[in-house]
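Biologist: Hi! Could you walk me through this one? I'd like to start with the strands and then move inside.

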Amino acid sequence: MVPQILETRMLTSFSDIELGSAFFRGVWGGTSDVIPADVAIASGHAGGYFAATFDGAKIVAASYGFLGEHNGRRTLHSHATASTVAGAGFDLKRHQRDWALAEGLEAITWTFDPLVRRNCYFNFVKLGAVAVEYLENFYGEMHDELNRGDESDRFLALLTLGATTRESSLKTSAIQTLLQNRDNLPISVTGAEINLAISGQMNFAIELPENIEATRANLPELAKHWRVSVRDLLLPCFEQGALVTRMIDKKALVVEWPESSTP
């Protein structure tokens, strides 16, 4: 078999931008454009980012972002990224990082669903990002096939450019799991531990559903139960400065209370 040769480049021509817009629409499903071509053209002209990975003439991964700010630092806000080929998304994120560094930016931010386990692993473990905000129903009601019927709660992820990997002194064996996945049901620990966690006196972990998209499609009420269970535990913690920093065994989020300033 001939090795796959992929090329990643910025989308600047009208025809390439239309291809990128169509790629996102195909991934998310539905009839509305995730990234309308006219918006991408305008934001690109103003200094934004729109790049794609090609297999020949076909797009297999794409990422769109615009310039922003977080805590006084100039950022690239990566609004949408998708990949249909294993490994292409990671390569594209490296291209995005190199582009942002070359532009003199200090960090990259993006949002993602805290219930999607594989995305949490990709963002926290492979990319080294930190979740710095919990955004309740951030985009309101969504109508694409992936998100239809669920509220759009999101993490705001932050990747500081040029920084060394953030090391934690926490031992995962000592972290208590306060929300457990038992046969795809969210089961919360009751008692003093919850009060300690929400008041910032203990770091903790929460387990995620194995496949929230399948649960949303087949058991929508259970998906809503997961949404509320995770939100009720995380939202008050984030409002007081908690961070999600990493995962345990690819299935549980680790919530930490920083000793100093927000990253």
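Biologist: In which sense do β4 and strand β5 pair, and over how many bridges?

Modeller: Happy to help, and keep in mind that this is a predicted model. β4 and β5 (residues 107-112) are parallel partners, with three bridges between them. Within that pairing, leucine 76 sits opposite isoleucine 108 in β5.

Biologist: What do β4, helix α3 and β5 make together?

Modeller: A right-handed β-α-β unit, with helix α3 covering residues 88-102.

Biologist: And how does strand β3 run relative to strand β4, parallel or antiparallel?

Modeller: Antiparallel: β3 (residues 58-70) and β4 (residues 73-83) are joined by 10 bridges. Glycine 65, for instance, faces serine 78 in β4.

Biologist: How many residues lie between the strands in that hairpin of β3 and β4?

Modeller: Two residues, and asparagine 71 in this hairpin has a positive phi near 50°.

Biologist: Let's go inside. Which residues touch the most other members of the largest nonpolar core?

Modeller: Phe124, Phe155, Phe204 and Leu253 do, in a core of 50 residues. Helix α7 (residues 220-239) gives this core its largest share, nine residues. There is also a second, separate core of 16 residues, with Ile17, Phe23, Ile35 and Ala80 among them.

Biologist: Back to leucine 253: what does it touch?

Modeller: Leaving out residues up to four places away in sequence, the contacts of leucine 253 include Phe124, Phe155 and Phe204, and also Pro114, Cys120, Val244 and Met247.

Biologist: You mentioned a cysteine there. How many disulfides does the count come to?

Modeller: The count is zero.

Biologist: Why is there no bond for cysteine 120?

Modeller: Because its closest cysteine sulfur, in cysteine 237, is 16 Å away, which is too far for a bond. A disulfide would need the two sulfurs within 2.5 Å.

Biologist: Are those two cysteines buried or exposed?

Modeller: Cysteine 120 is buried, at 0% relative accessibility. Cysteine 237 is buried too, at 0%.

Biologist: New topic: serine 21. Where is its place?

Modeller: Serine 21 belongs to helix α1, which spans residues 14-28.

Biologist: Buried or exposed?

Modeller: Serine 21 counts as buried because its relative accessible area is 4%, and the cut-off for buried is under 20%.

Biologist: What is serine 21 in contact with, leaving aside its neighbours within four places in sequence?

Modeller: Asp33, Ile35, Pro36, Ala37 and Phe50 are the contacts of serine 21 on that basis. You've met one of them already: Ile35 is also in the second core.

Biologist: Great, thanks!

Technical notes
Residues are numbered from 1 along each chain as its sequence is written. This is a predicted model: local features need pLDDT of at least 70, side-chain atom pairs count only at pLDDT 80 or more; totals for chains, interfaces and linings use all residues. Side-chain values use heavy atoms; hydrogens and water are left out. A nonpolar core is a set of buried Ala, Val, Leu, Ile, Met, Phe, Trp, Tyr and Cys residues joined through side-chain atoms within 4.5 Å. Buried means under 20% relative accessible area, exposed over 50%, partly exposed in between (1.4 Å probe, protein chains only). Helices (H or I, at least four residues) and strands (E, at least two) are DSSP runs, numbered from the N terminus. Contact means heavy atoms within 4.5 Å. Two strands pair if DSSP finds at least two bridges between them. A crossover is right-handed if, with the strands pointing away from the viewer, the path from the first strand over the helix to the second runs clockwise.
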